[in-house]
Amino acid sequence: MITQNLRRTCILSCALTLLVASASAQWSSNPALNLAIGNRANDQVQPKVVSTSDGGCYISWFDNFSGGYDVYLQRLDSRGYEQWPHNGILIANRSYSSTTDYGLAVDGDGNAILVYNDDRSGSDQIGANKIAPNGTLLWGPAGVLLTNTTEYVASPQVAVTSDGNYVVGWSQNGSVVLRKLDTSGVPQWTPAVRLIPPTGAYYFSYIIGSDDGAVIVLWVHQIGNFYSNKYLYAQKVSPSGALLWGASPVIVYDGGSVQFGYFPTFVTDGQGGAVFGWYETSGARNCYFQHVNYLGSEVYPHNGVAASTLANRIRMSPCVLYNTVSAETFLFWTESNSAQTQWGLYGQKFSPNAGTRQWTDSGRALIPLSSQQNAFVSAVLCADGAMVFCFDQSGSAHVLAMRVDGFGDFVWPGSPLQACSLLSSKSRLDVTTTPSGMALLTWSDGRTDGGSIYAQNVNPSGSFGLPAFILGDLNCDGVVNFDDITPFVLALSDPAGYQVAFPDCNI
């Protein structure tokens with residue numbers, strides 16, 4: 001008995017020693033000291049973040065350290081530890097003096113998929129690469145080229161399909177082009193699917209994976225010359241490249257015009273359809289949302305449901321969320337007075353059936369109008385509401401964070417909180433959420449030079465850094481004792497099994 005107790009004591013002592021040794025997390029609990037991801041000389045810009053199933057993430061960006069805005073990537077674990085050398089790994093050594101948009105996604109095996117403009121062959125093409133969790137470039141150091149053209153190509157995005165393949169979309173010479181790749185990077189649609197406008201030009205906007213290996217794509221139709229109206233069209237494409245919503249696309253919006261250079265994103269409804277959010281600049285200057293079901297039919301009146309009816313206001317750049325459990329839609333946007341001398345941040349929730357506005361017809365003012373112009377409004381679902389983020393002003397700014405419940409009320413005392421309390425120039429805020437509900441933020445920050453990439457986590461409780469779990473409490477019962485030995489052994493031998501057995505514990 002003495003020997004058995006001594007063995008247990010030694011095991012527990014070793015367990016606590018190991019836990020203490022790994023207790024120092026890289027996610028910062030101090031919003032003035034955010035996590036530096038890429039901070040070499042010159043500017044690092046346009047970061048994107050996607051979460052992985054283990055609670056970590058990939059962060060990508062363009063790095064001008066050696067010239068040419070090269071494509072870089074970093075992987076973080078759930079505690080914020082960099083898994084690769086600081087400042088990331090080089091994905092594509094390019095020669096561009098300016099940038100366009102690009103795409104980042106993660107597949108079911110935890111690989112990152114990056115798509116970007118690529119000039120390494122001597123001409124401007126669309127390139128792609130798949131990167132393993134250990135940093136291996138699975139499609140080779142040169143990646144794969146999806147085009148071989150002299151036409152203008154730009155702004156690719158990528159969707160991971162439910163059957164494990166990838167579909168890339170981009171703008172090409174006034175049309176939208178889609179190309180499917182298998183897991184080895186081999187094109188499956190030859191020739192690629194090309195959507196050609198009857199008049200004017202098409203500009204690719206966004207793409208997501210849908211059901212049964214299909215994808216849904218959104219694009220802007222400029223119906224004539226530069227000054228003509230710009231509409232929003234959508235189409236669902238099968239694994240074979242067939243147009244599932246008919247030969248003519250679904251017209252999401254044609255009631256006026258969206259702004260030139262505006263390319264909205266959208267989200268899946270989890271049932272083979274999609275939920276869209278956008279703003280228009282030709283009429284009431286309002287934000288709208290529309291739900292298109294799996295058949296390609298509009299659920300709500302054509303041209304969508306307005307976010308607010310409050311007069312003499314301008315609304316722009318909405319972020320759209322869809323709760324697949326409650327079938328509720330959320331919009332969060334920047335709002336200004338008609339003179340555009342004051343700005344605020346507003347939100348709205350819509351009921352699942354009639355699309356009725358739930359937070360009054362004027363929406364909920366999360367940040368009332370003031371002289372500070374907020375920007376890059378982003379949000380992620382959280383319980384029955386959402387966590388919402390933005391820069392609080394143009395130029396030198398802080399990063400603000402707030403959480404609202406299903407009634408639009410703040411959950412965190414003192415909201416909005418500062419996820420970055422250092423006043424410095426900022427651009428391109430991007431946000432994702434982990435399986436545990438933690439929000440991960442990244443942005444380009446000029447605190448030391450033209451721009452560096454920083455990141456910060458925000459817990460559903462409103463805290464920063466790792467949640468305050470008791471060290472060694474592997475079964476999360478509030479005390480550290482011999483009952484934690486079996487969970488500790490399980491956590492070492494079968495981490496996935498541990499998370500299933502103890503879902504509320506932080507491994």
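1. Which side chain meets Lys426 in a salt bridge? In this predicted model, the partner is Asp445, with an N to O distance of 3.5 Å. Lys426 belongs to strand β29 (residues 417-433) and Asp445 to strand β30 (residues 439-445), so the salt bridge ties together parts that are 19 residues apart in sequence. Both residues of this pair are buried.

2. The Lys426 and Asp445 contact belongs to a wider set. Across the whole structure, the search gives 12 salt bridges. Side chains of opposite charge can pair when their charged atoms come close. The next points take up some further cases.

3. Asp211 forms a salt bridge with Lys236, and their closest N and O atoms are 2.7 Å apart. Asp211 sits in the loop between β14 (201-209) and β15 (215-222), while Lys236 is in strand β16 (residues 230-237), so parts that are 25 residues apart in sequence are tied together. The two ends differ in burial: Lys236 has a relative accessible area of 4% and is buried, whereas Asp211, at 27%, counts as partly exposed. The cut-off for buried is under 20%.

4. Arg194 and Glu151 form another salt bridge, with the closest N and O atoms 2.9 Å apart. This pair links distant parts of the chain, 43 residues apart: Arg194 is in strand β13 (residues 193-195), and Glu151 is in the loop between β9 (144-145) and β10 (153-160). Arg194 is partly exposed, its relative accessible area being 35%. Glu151 is also partly exposed, with a value of 26%.

5. Salt bridges can also join into a network here: Arg313, Arg315 and Glu335 are linked in this way. Strand β22 covers residues 313-323, a range that takes in Arg313 and Arg315.

6. How many strands does the open sheet with the order β22-β23-β24-β25 have? There are 4, and their pairing is antiparallel. At the edges lie β22 (313-323) and β25 (364-370), each of which pairs on one side only. Neighbouring strands of the sheet are turned against each other by 20° on average, with direction ignored.

7. Within this sheet, strand β24 (residues 343-350) pairs with β25 in the antiparallel sense over 4 bridges. One residue pair can be named for inspection: Trp343 has Ser370, in β25, as its bridge partner. Strands of a sheet pair through backbone hydrogen bonds, either parallel or antiparallel.

Terms used:
Residues are numbered from 1 along each chain as its sequence is written. This is a predicted model: local features need pLDDT of at least 70, side-chain atom pairs count only at pLDDT 80 or more; totals for chains, interfaces and linings use all residues. Side-chain values use heavy atoms; hydrogens and water are left out. A salt bridge is a side-chain nitrogen of Lys or Arg within 4 Å of a carboxyl oxygen of Asp or Glu. Helices (H or I, at least four residues) and strands (E, at least two) are DSSP runs, numbered from the N terminus. Buried means under 20% relative accessible area, exposed over 50%, partly exposed in between (1.4 Å probe, protein chains only). Two strands pair if DSSP finds at least two bridges between them. Axes are lines fitted to C-alpha atoms, for helices over the stretch in contact, and angles run from 0 to 180 degrees between N-to-C directions.
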